[in-house]
There are 2 protein chains.
Amino acid sequence: MKKINVGFLGLGTVGQGVWEQLISKASVWENKLDVQIDPKLAAVRSLDKKRDIELTTEQLTLDKKAIVTHPDIDLVIELMGGIEEAKEMTLLAFKNGKSVVTANKALICEHGEELLEAANRAGVLYLYEASVAGGIPIIKVVQEALVGNLIHSIQGILNGTSNYILTRMENEGLSYEEALGGARKLGYVEQDESLDLDGVDAAHKLIILTYLCFHKWFPISDIKVEGIRDVALKDIRAAARQKHKIKLIATLRQKDADEGVHCSVRPSLVPLSNNLASVDDAFNGICIQSDIVGTSFLIGRGAGRHPTSSAVLSDIVDYCRNQGGRKIPESDTEQKLAPSSSIAQPYYMRIEVEDTKGVLSEITQILSSNDISISTIEQEMNSDQDTASIMLTTHECLDGNIDKVKSEISEKSFLKEKVVVFPILPA
Amino acid sequence: MKKINVGFLGLGTVGQGVWEQLISKASVWENKLDVQIDPKLAAVRSLDKKRDIELTTEQLTLDKKAIVTHPDIDLVIELMGGIEEAKEMTLLAFKNGKSVVTANKALICEHGEELLEAANRAGVLYLYEASVAGGIPIIKVVQEALVGNLIHSIQGILNGTSNYILTRMENEGLSYEEALGGARKLGYVEQDESLDLDGVDAAHKLIILTYLCFHKWFPISDIKVEGIRDVALKDIRAAARQKHKIKLIATLRQKDADEGVHCSVRPSLVPLSNNLASVDDAFNGICIQSDIVGTSFLIGRGAGRHPTSSAVLSDIVDYCRNQGGRKIPESDTEQKLAPSSSIAQPYYMRIEVEDTKGVLSEITQILSSNDISISTIEQEMNSDQDTASIMLTTHECLDGNIDKVKSEISEKSFLKEKVVVFPILPA
């Protein structure tokens with residue numbers, strides 16, 4: 001089995017998450033890729049810092065160059081942040097024949113063109129799924145799933161922190177300052193607050209998406225970028241009166257090839273009927289219009305340890321596939337279907353009955369004797385005046401018990417039609 | 001430049017769409033993959049049938065075996081439908097060293113295990129993104145983007161036709177029979193109506209998703225599959241009174257590895273707060289819960305010529321990438337940013353003013369002299385009793401004109417705070 005050695009530049013919360021997943025899911029990589037992925041060495045700022053994962057002293061170094069020049073390391077995960085040194089290390093990794101996976105959106109936004117060309121020349125990969133909306137595979141969707149499409153527009157909520165602040169203002173009637181204070185307390189706001197509050201982080205991501213759609217790197221200074229600092233509670237309320245929410249929307253759009261690309265990041269009023277209005281809290285949402293597929297819409301967690309780790313893992317796997325790692329996974333003979341009778345959920349039932357005395361009491365008794373308690377019930381006369389529809393919802397109960405109720409009611413002479421039973425999904 | 005020759009089994013509406021895109025976007029494949037993709041030969045039932053695309057007689061054959069055994073064809077696109085003959089042709093293609101892209105969900109559902117193993121043994125690819133929710137890259141998302149995640153559950157609206165019928169019942173108060181009649185007229189219902197109306201098509205897709213998540217093929221006969229035939233308008237209305245919609249929901253769920261997998265296709269009541277409730281008409285929607293990323297949600301067009309063609313193209317490109325086709329696209333030097341002043345859209349403005357006579361008329365005059373017409377306007381006294389907030393929305397106007405209004409108002413002595421301007425998105 002092929003072995004892939006991975007080196008880390010930076011081992012903060014995301015890096016530790018990736019390291020841990022590479023180890024804990026080793027069997028997944030073997031089964032799906034026929035490779036063994038080995039997290040080998042991480043360059044950190046302090047060797048003694050307490051970390052969530054257990055590491056030996058041989059697995060840590062203070063020397064970043066030791067990672068990017070290491071003879072045994074195949075793939076470098078750049079999670080160090082910053083721009084100049086990260087760029088230098090990335091170029092050095094390429095020069096040493098190593099592919100690089102990164103989450104560093106500021107670096108790509110500023111030097112993407114140079115870095116991608118350098119990777120191309122060196123014959124290695126530079127992968128950056130984690131740089132835009134970790135929980136939404138937007139890079140893969142634009143580059144691969146929609147590869148045959150011309151993108152007409154993308155509108156997205158790309159910064160989780162500002163969306164969290166706007167959501168708290170909306171839902172709890174907080175002022176901007178109050179909501180910002182709450183976000184700070186939860187550690188949601190980047191150290192450089194301007195990234196979240198002035199739309200800069202969303203703009204970095206927009207520049208990357210614009211490159212993916214139109215193969216041109218535009219400088220951030222050329223686009224209209226406004227953050228959420230001017231959004232007052234009274235704006236949110238005025239918008240709500242007209243059935244809109246205020247969201248920080250990053251937009252790219254091109255109607256035809258002659259027209260330039262419209263790019264902006266601005267607080268915008270989003271009608272409730274637009275799917276982007278349903279993207280609340282720290283979630284990201286992206287709406288894509290393309291020539292073949294039409295409208296696509298994606299929602300997922302934005303940044304943070306988990307979504308970013310998942311995106312980095314996806315890029316690591318893409319690297320492995322590019323190295324020939326691809327396998328039909330072994331069939332999992334252990335898997336079996338759960339008996340449907342064991343599923344517990346609430347239900348809706350409609351029972352068409354003769355409108356005679358005692359019917360309702362018989363039905364409620366059958367339910368209760370099968371351990372099912374009623375949540376709501378209504379009876380409606382049908383237009384024939386002889387029959388009625390009883391429509392009820394239950395609290396959570398076992399599918400098996402609902403089946404019993406259904407078959408008991410089905411034997412009753414008062415029943416006029418097949419009993420209808422639908423499960424009710426959670427919110 | 002590497003050349004990839006593609007052969008088609010079946011050249012109906014999807015096949016013609018793919019063929020046409022392969023030709024019209026030739027420069028895209030060259031620029032992104034460094035390959036030339038050549039649609040070479042299609043096996044059809046009639047050579048004389050009128051088609052949307054122009055073909056020479058050399059490009060058509062009646063002989064399917066001519067495609068799967070052709071010495072120059074690298075990749076076969078199986079769009080013939082049906083099961084037994086499609087299976088035979090697919091296996092023959094593998095035997096002849098050809099990879100196969102398919103949209104045939106019934107075939108995969110029934111013989112996926114055997115076909116994937118055969119492809120594996122032959123060292124070729126069997127790709128089926130188009131088989132589930134064409135406009136949503138769900139296969140790629142589960143297999144690649146979420147590759148490091150354990151999937152806890154997937155709930156999806158996977159059949160566009162039944163969703164279209166339910167949506168028309170809901171929105172227009174139509175009976176099931178009336179809505180079905182409308183869908184038939186539009187050609188939305190498959191010839192074998194049971195596929196759409198009895199949940200069978202959704203179940204085929206669910207079986208494929210269950211395999212992707214748990215690596216086991218379950219027989220469709222072992223899962224609970226109910227279609228939409230029992231959904232009456234009165235059910236939809238009762239659900240609406242409780243803020244729910246009725247949708248045909250395919251579910252797979254496993255809480256922990258010991259428990260079996262719950263699989264079902266059933267009409268279900270979906271609370272309006274659940275994103276699946278917003279998936280209307282012929283759209284598909286899929287909600288995924290996974291261990292690292294948490295909740296992800298995807299919406300896109302389900303079946304039909306365009307989404308299915310797009311998914312087939314995506315698989316063709318995956319095949320090319322697997323053959324080493326990968327390239328940083330040439331920078332498109334022609335691309336430029338559109339001046340933001342040229343964007344036309346409606347706007348929201350908030351203007352904080354001294355509460356003195358004539359202010360409103362001054363403001364409305366500035367708007368009108370810049371060609372901007374007001375849609376709504378409200379004035380609210382602030383708690384200090386000396387100042388007021390004027391909040392207005394405009395009809396569509398040019399960004400440049402809004403900027404002029406903003407700067408003219410900013411010079412007025414009645415202004416107490418910076419003017420706030422946010423664009424309004426379409427529904």
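**Reading domains, a helix and a sheet**

Modeller: In this predicted model, the C-alpha centres of domain 1 of chain A and domain 2 of chain A lie 29 Å apart.

Colleague: Which residue ranges make up the domains of chain A?

Modeller: Domain 1 covers 2–131, domain 2 covers 138–301 and domain 3 covers 340–423. Where domain 1 of chain A meets domain 2 of chain A, each contributes nine residues to the contact. On the domain 1 side, these are four nonpolar, two polar and three charged residues.

Colleague: Is helix α7 of chain B mostly covered or mostly uncovered?

Modeller: A residue is called buried if 20 or more other C-beta atoms lie within 10 Å of its own. By that count, 10 of the 13 residues of α7(B) are buried, and the helix is mostly covered. Among the buried residues are Y164(B), I165(B) and L166(B). The elements covering them include β7, α8 and β9 of chain B. After α7(B) comes G173(B), with a positive phi near 65 degrees.

Colleague: How should one read a sheet, and in what order do the strands of the open sheet in chain B stand?

Modeller: In general, strands of a sheet pair through backbone hydrogen bonds, either parallel or antiparallel. In chain B, six strands form an open sheet in the order β3-β2-β1-β4-β5-β6, with parallel pairing. Strands β3 and β6 of chain B stand at the edges with a single partner strand each, so one side of each has no neighbour in the sheet.

Colleague: How many bridges join β2(B) to β3(B)?

Modeller: Two bridges join these parallel strands. In one of the pairs, A42(B) has L60(B) of β3(B) as its bridge partner. Helix α1 of chain B packs on the sheet, touching β1, β2 and β4 of chain B.

Methods. Residues numbered from 1 in each chain as written. Chains lettered and ligands numbered in written order. Predicted model: local features only at pLDDT ≥ 70, side-chain atom pairs only at ≥ 80, totals over all residues. Domains from an automatic or database assignment. Contact = placed C-beta atoms within 7 Å. Nonpolar A, V, L, I, M, F, W, Y, C, P; charged D, E, K, R; others polar. Buried ≥ 20, exposed ≤ 12 C-beta atoms within 10 Å, placed from the backbone. Helix = DSSP H or I, 4+ residues; strand = E, 2+ residues; numbered from the N terminus. Pairing = 2+ DSSP bridges. Axes fitted to C-alpha atoms, helices over the stretch in contact; angles between N-to-C directions.
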